[in-house]
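This report walks through one protein model, moving from its aromatic contacts to its helix packing and then to its loops. Please keep the sequence and the structure in view while reading.

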Amino acid sequence: MAKYNPIEFAEALRKEKVSENTLNSYLYDIEVLRSKIKPDITKITEEDFNSFVSYLNKEKKSPATINRYVSSLNKVLSYYRVNRKFKSIDKGDGPKKAIF
C-alpha cells in the first residue's frame, strides 16, 4: 500500500481540472486529518475517523465543515483505491471495510 503523497495527489486533482480553491481545500483538510488522526492517512481506521467526527462535534463545528472533511477524506481514499494504491479501511482486528 502506498503512503500518502500530497504532491502526487495534487497532480491528480489538477488532471481532474478542479479549481485551485478546491485543490487547496482538499490539501488543507487532509493535512488537518493527518495531524489529528494519523500521519499516513491511508492507514486511518473507521474508529479513528469516527473519533475525529466526535471531536469536531464537541468543538461545535458546523455540519458543512464536518461534511467537507468527510468529502476530502473520501476524495483522497478514492484516489488511492482507484489507482490500486489503497484498497480498504483497516477496522483493527476485524475485516477491512471501505469507508466510502
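How many aromatic pairs does the structure hold? The model, which is a predicted one, holds eight aromatic pairs. Two of them are described below, after a short outline of the fold.

## Overall fold

The secondary structure of the protein comes to four helices and zero strands, and read from the N terminus the order of elements is α-α-α-α. Of the 100 residues in the protein, 33% count as buried. The protein exposes about 6,400 Å², and 48% of that area is supplied by carbon and sulfur atoms. When contacts between residues at least 6 apart in sequence are considered, 56% of them join residues that are at least 24 apart.

## Aromatic pairs

Phe52 and Tyr69 form an edge-to-face pair, with 5.3 Å from centre to centre and 90° between the planes. Because Phe52 lies in helix H3 (residues 46-58) and Tyr69 in helix H4, this pair ties together parts that are 17 residues apart in sequence. Both partners are covered: Phe52 counts as buried at 4% relative accessibility, and Tyr69 counts as buried at 10%.

Another pair is made by Tyr79 and Tyr80, whose ring centres are 5.1 Å apart and whose planes stand at 85°, so the pair is edge-to-face. Tyr79 has a relative accessibility of 13% and counts as buried, while Tyr80 is buried with a relative accessible area of 0%. These two tyrosines also belong to one aromatic cluster, formed by Tyr4, Phe9, Tyr26, Tyr79 and Tyr80. Tyr79 has its place in helix H4, and its C-alpha atom is separated by 9.2 Å from that of Leu13, although the two residues are 66 residues apart along the chain.

The accessibility values of the four ring residues discussed here are collected in the table.

| Residue | Relative accessibility | Class |
|---|---|---|
| Phe52 | 4% | buried |
| Tyr69 | 10% | buried |
| Tyr79 | 13% | buried |
| Tyr80 | 0% | buried |

## Packing of H2 against H4

Helix H2 (residues 20-36) and helix H4 (residues 63-82) pack at an angle of about 95°, and their axes are 9 Å apart. That angle makes H2 roughly perpendicular to H4, because values from 65 to 115 degrees are classed in that way.

Which residues of H2 and H4 meet? On the H2 side they are Ser25, Tyr26, Tyr28, Asp29, Ile30, Val32 and Leu33, and on the H4 side they are Arg68, Tyr69, Ser71, Ser72, Leu73, Lys75 and Val76. By character, the residues of this contact divide into eight nonpolar, three polar and three charged. Tyr69, which pairs with Phe52, is thus listed among the H4 residues that meet H2, and Tyr26, a member of the aromatic cluster, is listed on the H2 side.

Ser72, which lies in helix H4, offers a closer view of this packing. Is Ser72 buried or exposed? Its relative accessible area is 1%, and Ser72 is therefore buried. With neighbours within four places in sequence left aside, Ser72 is in contact with Ser25, Tyr26, Asp29 and Ile30.

Asn67 is also found in helix H4, yet Asn67 counts as exposed, with a relative accessibility of 51%, since the class of exposed residues begins over 50%. Asn67 and Val53 are 14 residues apart in sequence, and their C-alpha atoms are 9.6 Å apart in space.

## Loop residues with positive phi

Most residues other than glycine have a negative phi. Against that background, two lysines deserve a look.

Lys17 has a phi near 65°, which is a positive value in a residue other than glycine. Lys17 is found in the loop between helix H1 (6-15) and H2, and it is exposed, with a relative accessible area of 73%.

Lys60 likewise is not a glycine and has a positive phi of about 60°. The place of Lys60 is in the loop between H3 and H4, where Lys60 is exposed, with a relative accessible area of 75%.

Definitions and conventions:
Residues are numbered from 1 along each chain as its sequence is written. This is a predicted model: local features need pLDDT of at least 70, side-chain atom pairs count only at pLDDT 80 or more; totals for chains, interfaces and linings use all residues. Side-chain values use heavy atoms; hydrogens and water are left out. Axes are lines fitted to C-alpha atoms, for helices over the stretch in contact, and angles run from 0 to 180 degrees between N-to-C directions. Helices (H or I, at least four residues) and strands (E, at least two) are DSSP runs, numbered from the N terminus. Angles under 35 degrees count as roughly parallel, over 145 as roughly antiparallel, 65 to 115 as roughly perpendicular and the rest as oblique. Contact means heavy atoms within 4.5 Å. Ala, Val, Leu, Ile, Met, Phe, Trp, Tyr, Cys and Pro count as nonpolar, Asp, Glu, Lys and Arg as charged, and the others, Gly among them, as polar. Buried means under 20% relative accessible area, exposed over 50%, partly exposed in between (1.4 Å probe, protein chains only). Accessible areas come from the Shrake-Rupley method with a 1.4 Å probe; for residues, only the protein chains shown count as cover. Rings of Phe, Tyr and Trp (its six-membered ring) pair if their centres lie within 6.5 Å; planes under 30 degrees apart count as stacked, over 60 as edge-to-face and the rest as tilted.
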